[in-house]
Structure formats: C-alpha cells, structure tokens
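Have a look at the protein below and turn it around a few times. Then we'll walk through it together, one piece at a time.

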Amino acid sequence: MAESDPVAQAAPAKKSKIPLFAGLGAMLLLGVGGFYAVFSGLILGSPSAAPVSPESVVVADLPDIAFVPMEPLVIQLGTGVAARHLLFRAQLEVAKPYEAQVILLLPRVMDVLNGYLRAVEVAEIEDRSALIRLRAQMLRRVQIVTGEGRVRNLLVTEFVVN
C-alpha cells in the first residue's frame, strides 16, 4: 500500500494576508489623496478658489431701477356664503427714466390686474405653483398696458387667500 505523508495531508498551506493588507493600504492612500485633491481645489476647483480680500473685490453698480408700489387689491373669490377673499399687494420694478410714466398709468394697471384676478378660478389660485403662473400672466398684462421696456418685473409682496 502506498504510504501517505501525515504532514502533507494534515493542513493545507495558509495563504498570505500581505496582498490583502497591501490592497487596503493602497485604497486608504488613494482615498486620502483624492480627498485632499478635491478639498484643496486641485481637482474640480476653480483656480481663483483662494481667499480674496474685500479691497480687491469689484462690485458692480446696481441697475438704474425704481420700485413703484401698488395699492392692495382685495378680490372676492366665489359667491355666496362660502365666498373667500384674496389679498394681493405688489410692486412694479421699472427702469428709472420711466418711473413717472408708470405712476401715471397705475390706475390702468390696477384695473387690468383686478379684472384678471377676478376671472381666475379658485382652484387655480389654490394650486401650489399658481403664484408663478399668475405672476407671469400679470406681468405680461402690465407690460402691455405700460408699453414694452418700462416694467421689468412684478414683485408680489402679499398673496393671501382666506
């Protein structure tokens, strides 16, 4: 019969853990190096990421604008006992040279906005994104009344439904 070697059969050779530790060490070094490169701005950073002193910052002048406040509008929504009200207040952002002209046209602007808001359905006003759509529609109507280039924006300062 064949004799077997008890040492060879008893335990297979253990694998070395050196490659495992070398891989973990390399992964750790690469992770730290990547963090440093991103944090310091070497990668994905702008070249001007260094702190800037307040004296070297160039501040642009504000645009030549004026704000024309509008009287608040209270509009009844719906009819009957369940009628609700909308309180609307806004300001018009106008180019400074046209401020007096827009103030002169303010009664027409109020009339257009009053008519538009009365025609809007209650469900449309209660929608979460309604203010964005309503504001765009109202701005377009105001620009038609005042003429192109005079009113730059409609700033809604109060929009309360109760």
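Phenylalanine 159 counts as partly exposed, at 21% relative accessibility. Here buried means under 20% relative accessible area, exposed means over 50%, and partly exposed is in between (worked out with a 1.4 Å probe on protein chains only). Before we go on, a word on what you're looking at: this is a predicted model, where local features need pLDDT of at least 70, side-chain atom pairs count only at pLDDT 80 or more, and totals for chains, interfaces and linings use all residues. Residues are numbered from 1 along each chain as its sequence is written, and side-chain values use heavy atoms, leaving out hydrogens and water.

Now for the bigger layout. The protein chain has six helices and four strands; these are DSSP runs numbered from the N terminus, with helices (H or I) needing at least four residues and strands (E) at least two. Starting at the N terminus, you'll meet them in the order α-α-β-β-β-α-α-α-α-β. Of the 162 residues in the protein chain, 22% are buried. Take the contacts (heavy atoms within 4.5 Å) between residues at least 6 apart in sequence: 68% of them join residues at least 24 apart.

Let's get to the aromatic rings. How many aromatic pairs does a search of the whole structure find? It finds two. To pair, rings of Phe, Tyr and Trp (its six-membered ring) need centres within 6.5 Å; planes under 30 degrees apart count as stacked, over 60 as edge-to-face, and the rest as tilted. Phenylalanine 35 and phenylalanine 39 have ring centres 5.5 Å apart and planes at 15 degrees, so this pair is stacked. Both sit in helix α2 (residues 18–40), and because they are four residues apart there, about one helical turn separates them. Phenylalanine 35 is exposed at 56% relative accessible area, and phenylalanine 39 is exposed too, at 67%.

The other pair brings us back to where we began. The rings of phenylalanine 88 and phenylalanine 159 have centres 6.3 Å apart and planes at 90 degrees, so they are edge-to-face. Since phenylalanine 88 lies in strand β3 and phenylalanine 159 in strand β4, the pair ties together parts that are 71 residues apart in sequence. Phenylalanine 88 is buried, with just 1% relative accessible area.

Phenylalanine 88 also turns up in the largest nonpolar core. As a general point, nonpolar side chains in soluble globular proteins tend to be buried together. A nonpolar core is a set of buried Ala, Val, Leu, Ile, Met, Phe, Trp, Tyr and Cys residues joined through side-chain atoms within 4.5 Å. The largest one here has 27 residues, and those with the most contacts inside it are Met70, Phe88, Leu92, Leu113, Leu117 and Met138. Two or more residues each come from β1 (65–69), β2 (73–77), β3 (84–95), α4 (106–119), α6 (130–146) and β4 (151–161). Which element gives the most to this core? That's α4, with six residues. For a feel of the packing, try methionine 70: setting aside neighbours within four places in sequence, methionine 70 is in contact with Arg89, Ala90, Leu92, Leu106, Val109, Met110, Leu113 and Leu154.

Next, see how α4 and α6 meet. Their axes come within 10 Å and cross at roughly 145 degrees; axes are lines fitted to C-alpha atoms, for helices over the stretch in contact, with angles from 0 to 180 degrees between N-to-C directions. On the α4 side, Arg108, Val109, Val112, Leu113, Tyr116 and Leu117 meet Leu134, Gln137, Met138, Arg141, Val142, Val145 and Thr146 in α6.

Finally, zoom in on two strand residues. Valine 68, found in strand β1, is buried at 1% relative accessible area. The C-alpha atoms of valine 68 and valine 102 are 7.9 Å apart, although their places lie 34 residues apart along the chain as a sequence separation. Histidine 85, in strand β3, is partly exposed, with a relative accessible area of 36%. Beyond its neighbours within four places in sequence, histidine 85 is in contact with residues including Val74, Ile75, Val160 and Val161.
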